[in-house]
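Me: I have a model open and want to learn to read it. Can we start with the metal site?

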Amino acid sequence: MIVVLKPNVAKERRDQLIEWLEGMGLNIHVSTGQYQTVLGLVGDTSNVDMNLIDSLEIVDSVKQVSEAFKCCNRKFHPEDTVIKVGNVKIGGGNFCMIAGPCSVESEEQIVGVAKAVKEAGANLLRGGAFKPRTSPYDFQGLKGEGIELLKTAREETGLPIVTEIMSVSDLDLFEDVDVLQVGARNMQNFDLLKELGHVGKPILLKRGLANTLKELLMSAEYIMASGNEEVILCERGIRTYSDYLRNTLDLSAVPMLHELSHLPVIVDPSHAIGIARMVPPMAMAATACGADGLMIEVHNDPQHALCDGAQSLRPEEYAELVKKVMAVREVSKC
Ligand code: PEP
Ligand code: MN
């Protein structure tokens, strides 16, 4: 249920209403917009008398929210959420460029790539330390050592770091990571999601390989309902009938997620496509349809990459792409 307050309601009267609603065992999600304050009522509202609330002098309207996702619903929070990572803002018209290798492989590699992508215009560094691989015989990541190397790259460049967490038991190692990524394969690892609700850091939540948008939003809801409102949604391609491509990049997810939710939506064309030369056109398409940022794999030596070399751009290719993306953003504004 949402309660829309009349404009310019005194803070004391608003707080009294919140206290009264909390007294009914509900959690109140307050969204203060430029013109309107919206109270989102989370919990069992079956005994809440809508007509009584509607009759209060400070209340403009009361509506039922039929969707199962509440906290991430745009009805609860009409304005875009803007997530801050250091000096970088994501969402609400702020575009983020996350770039880096699939996996952290060595200090030389991650620091070299970090410097190159920064120079090209990236504002966040990615790199996997814990790798979810289809085969147990493939490179599984440098784990804790990989996180240490990401920190070194951050020291050298100032770029905040984004890296994937696969298990609750590794959480301590992520204490000094700026953005925790939940990969496609863990989108419905509900224990992990609930635990990340207690982490005071932004979570980059990727859409699962075979998950619907509603399921993605319900997973965001797990994190938010547990207390962490800083969730970035990421479309990374889904399994369909694609034969020549790794996945199908569902760009229609971007405007739909923006309509349904106030959370930022970014696109990862690298994992969606799997072929480096096709990453730039799809990155531009994602930009044109309103994505709040891009996550792109960049490797200094893709041919010898320990993971996902075929879809990784070289730093100079990434630099070219950034220029094109910026040009697309310019024309998309009109
Ligand atoms: C990744 O970003 O490194 C990754 C494994 O992506 P996904 O979870 O989308 O497959
Ligand atoms: Mn990868």
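Reply: Look for the donor atoms. Donors are N, O and S atoms within 2.8 Å of the metal (3.2 Å for Na, K and Ca); water is not among the atoms, so sites may look incomplete. Here the manganese ion (ligand 2) has the protein donors C102 (SG), H271 (NE2), E297 (OE) and D308 (OD), lying 2.0 to 2.4 Å from it. This is a predicted model: local features need pLDDT of at least 70, side-chain atom pairs count only at pLDDT 80 or more, totals for chains, interfaces and linings use all residues, and side-chain values use heavy atoms, with hydrogens and water left out. Residues are numbered from 1 along each chain as its sequence is written, while chains are lettered from A and ligands numbered from 1 in the order in which they are written.

Me: How are the donor residues of the manganese ion (ligand 2) spaced in sequence?

Reply: The pattern is C-x168-H-x25-E-x10-D. Take the pair E297 and D308, 11 residues apart. E297 sits in strand β14 (residues 293-297), and D308 in the loop between β14 and α10 (315-332). Helices (H or I, at least four residues) and strands (E, at least two) are DSSP runs, numbered from the N terminus.

Me: Is E297 buried or exposed?

Reply: Check the relative accessible area. Buried means under 20%, exposed over 50%, partly exposed in between (1.4 Å probe, protein chains only). E297 is at 1%, so it is buried. D308 is buried too, at 19%.

Me: Now the other ligand. Which residues surround ligand 1?

Reply: List the residues near it, meaning those with a heavy atom within 4 Å. Among them are R126, E164, Q181, K206, R236 and H271. Then look for polar contacts, pairs of N or O atoms within 3.5 Å; within protein, one must be able to donate a hydrogen and the other to accept it, and residues adjacent in sequence count only if both atoms are side-chain atoms. Oxygen atoms of ligand 1 lie 2.7 Å from a polar side-chain atom of R126, 2.8 Å from an N or O atom in the K206 side chain, and 2.6 Å from one in the R236 side chain.

Me: Where is Q181 placed, and what is it in contact with?

Reply: Q181 belongs to strand β10 (residues 179-182). Its relative accessibility is 3%, so Q181 counts as buried. Contact means heavy atoms within 4.5 Å. Leaving aside neighbours within four places in sequence, the contacts of Q181 include R126, E164, K206 and M295.
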